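The exercises below are meant to be worked through with the coordinates open. Each task is followed by a solution in steps.

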Amino acid sequence: MSGNHSPDVPTINEDLFGDGRWMSVHKRFVADTHEKEGTEVVFTGDSLIAYLQYTPMWDTHFSPMHALNFGIGGERTEHVLWRCMNGEMDNIKPKAVVLLIGTNNHGCTPEQISEGIMSIVDIIRSKQKEAEILVLSLLPRGEKPNSLRDRNKQVNDIVKDKVVGKYKTQLINIDPGFVQPNGFISHHDMWDYLHLSKSGYMKSFEPVHEILLQILADSEIGVTTVKV
Amino acid sequence: MAMSVSQPAVAQIINIGLPTISSTTVVVSPSAVDVCFHNMVLSQKQREELNRAIADYLFTNGYTTSLEIFTKEVDIPVDSEKKFSGLLEKKWTSVIRLQKKVMELESKLADQEREYISGAPTRERRSPSDWIPRPPEKFMLRGHRAPVNRVTFHPIYTLLASCSEDSTIRIWDFETGDHERTLKGHSDSVQDLTFDGNGKLLASCSADMSIKLWDMNGYECIKTLRGHDHNVSSLAFLGGGDFIISSSRDKTMKMWEISTGYCVRTFIGHREWIRMVKPNLDGSILASCSNDQTIRIWATGTRECRGELRDHDHVVECIAWAPESATVPICEGADNKKSSGPFLASGSRDKTIRIWDIGTNSCVTILVGHDNWIRGLVFHPGGKYLLSSSDDKTLRVWDLANKRCLKVLEAHSHFCTSLDFHPTQPFVVTGSVDQTVKVWECR
C-alpha cells in the first residue's frame with residue numbers, strides 16, 4: 001500500500017483483512033446524508049476527526065450545531081477524496097465543512113500531500129457551492145523532533161498559500177503550541193504523540209468552535225434574538 | 001493538683017488514656033496528641049499555635065503553676081502580640097457555633113426540599129391547571145438502542161408508548177417504571193405513533209414508508225398500510241377512529257380507511273417534506289407543517305387548502321392545536337382580546353414558537369427563548385401553558401397570558417425530540433436523542 005498511490009487520485013481504502021469495515025462505515029455516512037437533511041456542519045478526515053466525536057467537547061460544543069462526523073481512522077487524502085466524490089457531500093447543505101487530513105500520507109512529499117488536500121477542497125466546493133470550507137492545519141507529531149513534523153509544517157505552508165483568494169476557504173491553525181521549548185510534545189496533549197487527549201482537543205479545536213459559531217450566526221438572517 | 005475535670009478544654013486535648021503519672025503533672029507526648037485527635041495530624045505551625053493558645057488560656061484563668069510547667073515543656077516564647085488572647089475559647093466555641101449554623105442550614109434545606117418536591121407552600125390552593133412538570137424526573141426509562149423520536153400517553157391506562165430510530169416501539173407503565181412490551185415489525189426508524197380514542201389501537205409510521213396498526217390487547221400488528229413514496233413522518237386518527245391521516249417526506253398527506261387499508265384521499269400542496277399533520281378537535285380541519293417553512297390549513301372533507309402561514313424562517317418541525325381552555329389565556333396574551341380562534345401553535349428550526357389565530361390566519365404571539373430547534377409542542381390540558389421540547393436539551397413551560405417562559409427544565413443530555421402531556425393525569429413524558437424516555441410529575 002502507501003507510497004505508490006497518488007494523493008490526489010480518489011482511491012477506495014482496500015479491505016485488506018476481510019471484514020469490509022471501511023465500506024460499511026462509508027455506506028452509513030452516505031445514509032446519514034439522506035436522513036439528516038438539517039445538517040449544518042460536516043467534519044471529515046482521519047482519526048483525529050473521528051475521535052473528536054467521543055470527547056465531551058463534541059457533546060457540548062459541536063453536536064448542538066447539528067454536526068456530522070465523517071472521520072475514519074487511518075485515512076489518507078486519496079481515501080477522503082473518494083468518499084467525498086461518492087456520496088458523502090451529497091443531499092445535505094451544510095453551512096461549513098471542516099477537513100483535517102494528510103498526516104497519514106506516508107511516502108508522499110509535502111507538495112503531493114498539499115495537492116491531495118486541495119483536490120478534496122475542489123470536490124467539496126463543486127458539491128457545496130456556498131459552504132465555508134475550513135481546512136485545519138496538520139498537527140506536529142512524535143514525542144521528539146522528527147522529519148514528519150517538518151513535513152507537516154511544509155504542507156501547512158503550501159496549503160496556506162493555495163487557499164488565498166479561494167472563495168470561502170481558509171486554513172485554520174489548530175496548533176496552540178503543542179511543541180514545548182525543549183522540542184518535546186507532552187503525552188498530556190497527545191497520549192500517543194499523535195492522537196489528542198480530551199484536554200488536547202479542547203485547546204486545539206476551540207478556534208474551530210469559535211469560527212463555526214460565527215459562521216452559523218452570520219447565516220441566521222432575520223431571526224429574533226430577543227431572549228425572554 | 002494541676003489538672004481537674006472541670007477544665008474540659010485542656011483535659012479534652014490532653015486526655016490520652018495514659019495513666020496520670022503524678023497528681024501535679026500530666027505528661028504529654030506528641031504521638032499521644034495525635035492519637036487523641038483520632039489520627040488528625042497537625043502541621044508544625046498548627047501545633048505551635050495550639051500550644052500558644054493553651055498557654056494563653058492557662059494564663060488568663062490563673063493556672064500559673066500549670067502554665068509554668070507547660071511553657072517549660074513545650075518551650076513557648078513569650079507572647080507579646082496578644083494574638084492568642086482568647087483564641088482557645090474562640091476556637092472551642094467555634095465548634096458549637098458551626099454546629100448551630102449547620103443545623104440551621106440543614107433545616108432550611110429540608111424546608112426547601114419539601115417546597116421543591118410538593119410545590120410551593122400554597123400548593124393546596126393551587127389548582128391542577130397550574131401544575132407543571134418539575135425536576136427531578138420520576139423515571140428514566142432505558143431500553144431503546146437509538147434516538148427516541150416520539151412519545152405518547154395511552155388515553156386510559158397508566159401506559160405510554162415510545163418509538164425510535166432503532167425501528168422498535170416500546171410500551172412502558174409510567175406508574176411503576178416497568179417496560180411492558182417491545183413491538184417489532186418496522187424495518188426502519190419509527191417516526192411517530194398515536195393511540196386511538198379508546199386506546200385499543202396504536203398506529204405507527206416509519207422511514208420504511210409504511211403505517212402499521214397494532215392491537216393493544218395482544219400487541220400484534222394487525223394491518224400495514226402502504227402507499228407513501230418516502231419516509232412517513234407523522235400520523236393521527238380521524239373520524240372516530242375509522243380513518244388515519246398521515247404526512248410524508250414525499251410532500252403529500254394521505255387519508256386511509258382503516259377497515260379496508262386503502263388510501264382514500266391525498267392532499268397535495270406542500271413543496272417539501274411534510275413534518276407533521278394534526279387534525280383539530282372535531283377533525284374538520286387539518287394543519288400540516290413542512291420543510292418549505294410553511295404551515296397549511298386544509299378542509300379535511302374537500303382537500304381544499306384554506307390557508308398558508310408563512311412567517312417562520314426555517315423548517316417548521318411541529319404543530320399543536322390549542323384546547324378550548326387555552327382560548328382565554330391566548331387572547332389575553334395577544335392583541336385581539338375577543339377572538340374565538342381556533343388557535344394553533346407551531347415550533348420551528350428558527351428557534352421560535354408561534355401562536356396562530358386560524359380564524360384570521362394570522363400570527364398573534366411569538367415565544368422566543370429556546371437556543372436551538374424546537375422539536376415538540378403540547379398544550380397543558382388546563383389551557384394556561386404551552387410546553388415545548390428542543391434541541392437545546394430543555395423542556396420549557398410558557399405562560400400564554402403573559403407570553404413568557406415560566407420554567408426551563410434541563411430535561412436530557414442530548415436533543416429533546418418529543419414530549420406529551422397526559423390528558424387527565426399530572427404527568428409529562430419526554431423522549432430524546434440520548435435514547436431515554438423520561439416521565440415527569442406535575443405539581
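**Exercise 1: one helix and its cover**

What covers the buried residues of α4(B) includes α3 (44-60) of chain B, where contact means heavy atoms within 4.5 Å and helices are DSSP runs of H or I with at least four residues, strands being E runs of at least two, all numbered from the N terminus. The model is a predicted one, in which local features need pLDDT of at least 70 and side-chain atom pairs count only at pLDDT 80 or more, while totals for chains, interfaces and linings use all residues. Residues are numbered from 1 along each chain as its sequence is written, chains are lettered from A and ligands numbered from 1 in the order in which they are written, and side-chain values use heavy atoms, without hydrogens and water.

Task: determine which residues of α4(B) are buried and on which side of the helix they lie.

Solution. Step 1: take buried as under 20% relative accessible area, exposed as over 50% and partly exposed as in between, with a 1.4 Å probe and protein chains only; in α4 (residues 64-74) of chain B, this gives B:S66, B:L67 and B:F70 as buried. Step 2: these residues cover an arc of only 95° around the axis, the arc being that of the directions from the helix axis to the C-beta atoms, so they lie on the same side of α4(B). Step 3: on the other side, B:T64, B:T65, B:E68 and B:K72 are exposed.

**Exercise 2: a sheet and its salt bridges**

Task: give the strand order of the open sheet of 4 strands in chain B, then find which parts the salt bridge between B:R349 and B:E317 ties together.

Solution. Step 1: the order is β18-β19-β20-β21 with antiparallel pairing, two strands being paired if DSSP finds at least two bridges between them. Step 2: β18 (316-321) and β21 (362-368) stand at the edges with a single partner strand each, so one side of each has no neighbour in the sheet. Step 3: a salt bridge requires a side-chain nitrogen of Lys or Arg within 4 Å of a carboxyl oxygen of Asp or Glu, and the closest N and O atoms of B:R349 and B:E317 are 2.7 Å apart. Step 4: B:R349 lies in the loop between β19 and β20 and B:E317 in β18, so the pair ties together parts 32 residues apart in sequence. Step 5: B:R349 is buried at 5% relative accessibility, and B:E317 is buried at 7%.
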